[in-house]
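Colleague: I would like to go through this model with you. Please keep the answers short.

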Number of protein chains: 2
Amino acid sequence: MGRLSRARVLDAALALADRDGIAKLSMRRLGAELGVEAMTLYYYVPNKDAVLDGLVERIVASVAPRPSGPRAVWMGEFAHAFRAELLRHPAVVPLVATRPVATPEALAAVERAAAALVAEGLAPLRAFQLLNAVTTFVIGHTLAELDPEGARSRHEPPVATAELPCLAQALAAGLGTRADHDERFEAAIKALLAGIE
Amino acid sequence: MGRLSRARVLDAALALADRDGIAKLSMRRLGAELGVEAMTLYYYVPNKDAVLDGLVERIVASVAPRPSGPRAVWMGEFAHAFRAELLRHPAVVPLVATRPVATPEALAAVERAAAALVAEGLAPLRAFQLLNAVTTFVIGHTLAELDPEGARSRHEPPVATAELPCLAQALAAGLGTRADHDERFEAAIKALLAGIE
DNA sequence: TGACCATTTTTACGCTGTAAGACAAGCTGT
DNA sequence: ACAGCTTGTCTTACAGCGTAAAAATGGTCA
């Protein structure tokens, strides 16, 4: 195992969160994962919040819109890519949803994305508004997509459908399946992009 | 102060969360708020998660769509009402975003909302899809709206605009102001509802 | 009085983030 | 070679957390 670094700490944190869930991501566990005592991490990172901010950074910096051709098209592609990345790291989604983009690297990534839109002719304000509308929507949708899994694993009773006939029918008709989510995401992002021309 | 009950525990929890933030909502503090030891709460609530689920229940049960006339209209009104309620309890928004609707009361409220749509002629699956699309969007948007406040209060440097020219310009042009959020919410929900006809 | 009961408190355990300081190893300048 | 500084790690400690288990309290009824 090579030398420690902020990057390696974040790598381990992301792996640990993906494997065991964010709840299990403690400084002691993270240290153990790296073969080191908890306090050692504080040499590379000011505190735990910085680790969480780092995880958000990892996700945010890993996707970017690539403008070319009709805006609704590449914006749609960006939305899909962002959603895919979020689904790849389900444990981190609540962090992305909850914490503002905070680290310099993450802010720089956002700036780069906005700059690309500005280069396409948008005003800076419009660029951020567009980016914001899409990311905000993707995060909201993905959060809703994730919840069920966590809920089911908590305890058996999937849902007391006895006195919830509408819900029971909807579930039987495919509500909450992967296909349902995909389809709804597709429809909603299309509507959103079409409406914000 | 009258007798304790689950309802009064949740009242106190909501008040405490609104006043001091969810981070400060601990069983001991909540007990103190009610003039009682922490462990006493466990007589009214199985564990802390149940308290958090209860907070979600409070929010979810406090708004409902009221179908009458063109769907896009009352759905828009529902979206606005939901957003207003979320903004009234900013500290709870991350919970609503993150935790599935879990308590019987909350599930019943959702069922009631869906039943109202079904009574309007929608298939149960469509009813939930529509509800889901709107609530999901509102939650996502409101989360993004809230983040900045929390971020600013953490420490002074609002943002290093030096090397983030696009962001700086956008901020100067009004990005992130209340008016900006209101306007974007309005535009996006309209687009969404128009596109899911 | 004594037994039952609902409610509350006490005590305790293992876990958390992290402040403060000790410690070891390597590099530098003399 | 020696001293001293830097870099990295570990030790110890503290206050707080959620909550299991058991004990204490107080009221109501037989």
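Colleague: How do the residues of the surface near DNA strand D divide into nonpolar, polar and charged?
Modeller: This is a predicted model. Around DNA strand D there are 14 residues, with R3(A), Y43(A), Y44(A), R28(B) and Y42(B) the closest. By class, the residues of this surface are 7 nonpolar, 3 polar and 4 charged.

Colleague: What share of the atoms of DNA strand D within 4 Å of the protein do sugar and phosphate account for?
Modeller: Two side chains illustrate phosphate contacts. S26(B) has a polar side-chain atom 2.9 Å from a phosphate oxygen of the strand, and an N or O atom in the side chain of Y42(B) is 2.7 Å from a phosphate oxygen. Of the DNA strand D atoms that come within 4 Å of the protein, sugar and phosphate make up 62%.

Colleague: Which residue has a polar side-chain atom 2.5 Å from a base nitrogen of DNA strand D?
Modeller: S26(B) does not fit that description here, as its listed contact is with a phosphate oxygen. The base nitrogen lies 2.5 Å from a polar side-chain atom of R28(B).

Colleague: How far apart are the end C-alpha atoms of residues 26-45 of chain A?
Modeller: An unreviewed UniProt entry lists this span as "DNA-binding region". The span is 35% helix and 0% strand, and its end C-alpha atoms are separated by 14 Å.

Colleague: What should helix α6 of chain B span, at 1.5 Å a residue?
Modeller: The helix has 16 residues, 104-119. Its end C-alpha atoms lie 22 Å apart, which agrees with the expected span of 22 Å.

Conventions:
Residues are numbered from 1 along each chain as its sequence is written. Chains are lettered from A and ligands numbered from 1 in the order in which they are written. This is a predicted model: local features need pLDDT of at least 70, side-chain atom pairs count only at pLDDT 80 or more; totals for chains, interfaces and linings use all residues. Side-chain values use heavy atoms; hydrogens and water are left out. A residue is near a molecule or strand if one of its heavy atoms lies within 4 Å of it. A polar contact is a pair of N or O atoms within 3.5 Å; within protein, one must be able to donate a hydrogen and the other to accept it, and residues adjacent in sequence count only if both atoms are side-chain atoms. Ala, Val, Leu, Ile, Met, Phe, Trp, Tyr, Cys and Pro count as nonpolar, Asp, Glu, Lys and Arg as charged, and the others, Gly among them, as polar. UniProt positions are given in the numbering used here, feature names are shortened, and annotations may be inferred rather than shown by experiment. Helices (H or I, at least four residues) and strands (E, at least two) are DSSP runs, numbered from the N terminus. The expected span of a helix is 1.5 Å times one less than its number of residues.
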